[in-house]
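Student: I have the sequence and the 3D structure open. Can we go through the fold step by step?

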Amino acid sequence: MNQMFLSSWNNGDSSVPPSYVQLPENRPGKVLSSSHEAIPVIDLGGGDRAHITQQILKASEEYGFFQVINHGVSQDLMDQTLNIFKEFHAMPPQDKVNECSKDPEGSFKIYTSGENYKKISIHFWKDSLVHPCPPSGENLHYWPQKPSNYREIVGSYTREMNKLSLEILEIMCEGLGLEARHRDPTIITILLQDKEVEGLQVLKNGEWIGVYPIPNAFVVNIGLLLQIISNGRLVGVEHRAVTNSRIARTSVVYFVYPSFESIIEPAQALIKGNNTQPIYKSITCREFRTNFYQKGPKVRVLR
């Protein structure tokens, strides 16, 4: 079967194409319910700074994930952002392709399953729209113009995510005792989940924990690059998104990266301050990303 956009797919018999059927060992199994264990929820607007810092570091060390509430982003903007992406994926396939074909460098992409669709035999049941959205808005003229208010809403959302990522990273760096040069907006992910559809799961101690949507909350997860910079103190953990047979799940993921030529290595302040040896080698962000995508989603940083 040729590649298709799943969000535009309509099959009367509701059967799943064979190439999307996961091997038994890769299918979701038992998931711990929220009554047993849940990733921490941190109130950015409550308590003193020291307490919030302690909570964020503890969650980052033990789970690699946490949710934040009272973060300063309006519920209206969060709802508008989710809805605009739902509208985009509901457009006809050719419209979606056209809206992602304006950048001559090809940095705006829409694809099914993954970027390596043609190279793998088993695919994932998802469509992805990916494009850079720097706070400066320097490539705004390449952004989709359909739906009509896409640029306005996503632009506002991007500016709010930039502020939130800076705040979270500043708190992390304060807790780790890092200097201001380590406070650039890098190497974490901020996720806006669909309020009505579960699916995100985090692996902890060999068991999958469901990250259940909380109203007006964002999910924050530690990237592997931050794991390197913290010399293994903060952890980037395995996670997955699980589909269902009833309703589509939409999420908006804001990735924050350093420049591709940045050197990623354990922070000297942590090495010298703790009198320890670095457990990761220096690597450029470009090299890391190349290795990650070549070796697959379960790759881990080599020590």
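Student: How many helices and strands does the protein chain have?
Tutor: The model is a predicted one. Its protein chain contains helices and strands, and the counts are 7 helices and 13 strands.

Student: What percentage of the residues in the protein chain is buried?
Tutor: A residue counts as buried when its relative accessible area is under 20%. The protein chain has 303 residues, and the buried share of them is 43%.

Student: Which helix gives the largest share of the largest nonpolar core?
Tutor: The largest nonpolar core holds 58 residues, and Ile 56, Phe 66, Met 161, Met 172, Ile 188, Phe 218 and Leu 226 have the most contacts inside it. Its largest share is 12 residues, and these come from residues 150-176, helix α4.

Student: Which residues are included in the second, separate core?
Tutor: This core has 10 residues. Among them are Ile 39, Tyr 63, Val 202 and Val 219.

Student: Is Ile 39 buried or exposed?
Tutor: Ile 39 lies in the loop between β1 (31-32) and β2 (41-43). Beyond four places in sequence, Ile 39 touches Tyr 63, Phe 65, Phe 66, Gln 67, Ile 209, Val 211 and Val 219. The cut-off for buried is under 20%. The relative accessibility of Ile 39 is 5%, so the residue counts as buried.

Student: How far apart in space are Ile 39 and Tyr 212?
Tutor: In sequence, 173 residues separate Ile 39 and Tyr 212. From C-alpha to C-alpha, the distance in space is 9.1 Å.

Student: What span does α4 reach from its first C-alpha to its last?
Tutor: α4 has 27 residues, and at 1.5 Å a residue the expected span is 39 Å. The model comes close to that, with a span of 38 Å.

Student: Which residue follows α4?
Tutor: The residue after α4 has a positive phi, near 75 degrees. That residue is Gly 177.

Student: Why do α2 and α4 count as oblique?
Tutor: The axes of α2 (residues 75-89) and α4 come within 10 Å and cross at roughly 130 degrees. An angle over 145 degrees would count as roughly antiparallel, and 65 to 115 as roughly perpendicular. The angle of α2 and α4 falls in neither range, and the two helices are therefore oblique.

Student: What is the handedness of that crossing, and which residues of α4 make the contact?
Tutor: The crossing of α2 and α4 is left-handed. From α2, the contact uses Leu 77, Gln 80, Thr 81, Ile 84 and Phe 85. From α4, the residues are Tyr 150, Ile 153, Val 154, Ser 156, Tyr 157 and Glu 160.

Definitions and conventions
Residues numbered from 1 in each chain as written. Predicted model: local features only at pLDDT ≥ 70, side-chain atom pairs only at ≥ 80, totals over all residues. Heavy atoms only, no water. Core = buried A, V, L, I, M, F, W, Y, C linked by side-chain atoms within 4.5 Å. Buried < 20%, exposed > 50% of the residue type's maximum accessible area, 1.4 Å probe, protein only. Helix = DSSP H or I, 4+ residues; strand = E, 2+ residues; numbered from the N terminus. Expected span 1.5 Å × (residues − 1). Axes fitted to C-alpha atoms, helices over the stretch in contact; angles between N-to-C directions. Parallel < 35°, antiparallel > 145°, perpendicular 65-115°, else oblique. Left-handed = near helix turned anticlockwise from the far one by under 90°. Contact = heavy atoms within 4.5 Å.
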